[in-house]
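Work through the following exercises with the model open beside you. Try each task before you read its solution.

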Amino acid sequence: MLRATTAFLCSYCQKRSVLTPHMSFSASTLTNKRPENQQTVDSLYDLSVDIRKVRKFKGWVLSENSVYVYETAALLRDMGADTASIARVLETYPEAILCRPEDVAAQRDLWSSVCPNRRELVGIIEKFPASFFTLTHHTNQRDNIRYLQSLRLSKRIIGKLMASAPQSFSRPVESNQEVIHTLRETYLDLGGDEGNLRLWFQKLLSQNPYILMRPAEAWRDSLGFLREKGFTTEELLVLVSSLRASIAELQPEAMQQALDYTQGVLLCSEDELREIVLRCPAVLYYSVPTLVGRFKGLLDVGVSMDQVRETPNVLELTTQIVLYRIQKLASYGYDVRGGSLDVIVGTKKDFEMTYSKLQLRQQRPLFNPVAPLRTAEE
């Protein structure tokens, strides 16, 4: 079996291609030929902004004539931002000084409707200044906020969406309504309970703020493909939830390639393959080259394909993490290759708990459970 698996892996390995050396020019390497607005530079200096950083990444801003440096700083200060916060915002997104004060004030009022706490709002602006200072499509932003509030979604979730996925709010509200309607239909068709629908929405939007950007057709195509592969409605609901709704980002062709490759390596049946996917949904969105690397890495460290079939979520770990954890456990006499892979899967916190238990088991003699622990020096 090992020979067959290795041969299958090799058949998917691709030769490295040699790229022709070429010169690449980025905007930051081009010299800004327009003279800087000295008044803008002096004003930013007064606000303790690192001008060198602005020149390096957004130097063109310093050449603009119509700027509102002190006005922008005053609005941020009015919201509770201190000098250091204002400097960080203007360094990260110097385009903010090009926004008219009345537009920024309107944006502040709009964002305050979902984040009334000024200190929290300043924190969001400092982290996502581009989202806040993108002032186009103000009407769409307002309409989308009202629509999401009508769904009784929490202000915290809406605020997170506005900050991390502002494109969702720039679109006409009808586009988001269509996606939300598809999500609702999907959830109920898959056996979800109407009473839990709002919480399900909030969980998906919190985990994946970009799901509103996926067209409704993408949901139908992906789910239709998985239905054809034999997944039940209950299993599909599990997949949609566990994949954080990114299932709508997956192309049926790519999923088919990943499934074919995984089945070929593990030499499993269709039923076994579905069980593997349910235990490791990541198989659906990993590209074939990624899967090739994961399987080859596992074989290289002595893990068998039988072990992978029993614990498929080991594929969620990179080869470097697998090797590190195997070596860590081996230092305490535990050879993963002769047992279950359950001890190495999971988050870093999960593994540290497992490792600590093995460490204590070695340090504390089994025949005397109350004996003092040995120190490293002993």
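**Exercise 1. Placing one residue of a helix**

Find the element that holds Ile-321, and decide whether Ile-321 is buried, partly exposed or exposed.

Solution. Begin with the relative accessible area of Ile-321, which is 34%. Buried would require a value under 20% and exposed a value over 50%, so Ile-321 counts as partly exposed. Next, locate the residue along the chain: Ile-321 belongs to helix H20. Finally, look for Val-345, which is 24 residues away from Ile-321 in sequence, while the two C-alpha atoms are 9.7 Å apart in space.

**Exercise 2. The face of helix H20**

Describe the length of helix H20, list its buried residues, and explain how they are arranged around its axis.

Solution. Helix H20 runs over residues 319-330, which makes 12 residues. From its first C-alpha to its last, H20 reaches 16 Å, close to the 16 Å expected at 1.5 Å a residue. The buried residues of H20 are Val-322, Arg-325, Ile-326 and Leu-329. Looking down the axis of H20, you find these buried residues within an arc of 100 degrees, so they line one face of the helix. A general rule helps in reading such a pattern: an α-helix has 3.6 residues a turn, so residues three or four places apart point the same way.

**Exercise 3. Two helices that pack**

Work out how helix H14 and helix H16 are placed relative to each other, and which residues of H14 and H16 meet.

Solution. First mark the two elements, H14 at residues 216-228 and H16 at residues 252-266. Their axes are 10 Å apart, and the helices pack at an angle of about 35 degrees. As for handedness, the crossing of H14 and H16 is right-handed. The residues that meet are Asp-221, Ser-222, Phe-225 and Leu-226 on the side of H14, and Pro-252, Met-255, Gln-256 and Leu-259 on the side of H16.

**Exercise 4. A glutamine and two loop residues**

Determine whether Gln-202 is buried or exposed, and then examine the phi angles of Ser-48 and His-137.

Solution. Gln-202 lies in helix H13, residues 197-207. The relative accessible area of Gln-202 is 13%, and since the cut-off for buried is under 20%, Gln-202 is buried. If neighbours within four places in sequence are left aside, Gln-202 is in contact with Arg-152, Leu-153, Ser-154 and Ile-157.

Turn now to the loops. Ser-48 sits in the loop between helix H2 (38-46) and helix H3 (51-58), and its phi is near 65 degrees, a positive value in a residue other than glycine. His-137 is in the loop between helix H8 (129-133) and helix H9 (138-150), and its phi, near 60 degrees, is likewise positive in a residue other than glycine. His-137 is partly exposed, with a relative accessible area of 45%.

**Exercise 5. The whole chain and its confidence**

Summarise the make-up of the protein chain, and say where its confidence is lowest and highest.

Solution. The chain has 21 helices and 0 strands, and buried residues make up 42% of its 378 residues. The model is predicted, and the mean pLDDT of the chain is 84, with 85% of residues at 70 or more. Confidence is lowest in helix H1 (residues 2-12), at a mean of 56, and highest in helix H4 (residues 69-78), at 96. Over residues 14-31 pLDDT stays under 50, and the model has 1 contact beyond four places in sequence for them. Where pLDDT is low, the predicted coordinates should not be read in detail.

Technical notes
Residues are numbered from 1 along each chain as its sequence is written. This is a predicted model: local features need pLDDT of at least 70, side-chain atom pairs count only at pLDDT 80 or more; totals for chains, interfaces and linings use all residues. Side-chain values use heavy atoms; hydrogens and water are left out. Helices (H or I, at least four residues) and strands (E, at least two) are DSSP runs, numbered from the N terminus. The expected span of a helix is 1.5 Å times one less than its number of residues. Buried means under 20% relative accessible area, exposed over 50%, partly exposed in between (1.4 Å probe, protein chains only). The arc is that of the directions from the helix axis to the C-beta atoms. pLDDT is the predictor's confidence in each residue, from 0 to 100. Contact means heavy atoms within 4.5 Å. Axes are lines fitted to C-alpha atoms, for helices over the stretch in contact, and angles run from 0 to 180 degrees between N-to-C directions. A crossing is left-handed if the near helix is turned anticlockwise from the far one by less than a right angle, and right-handed if clockwise.
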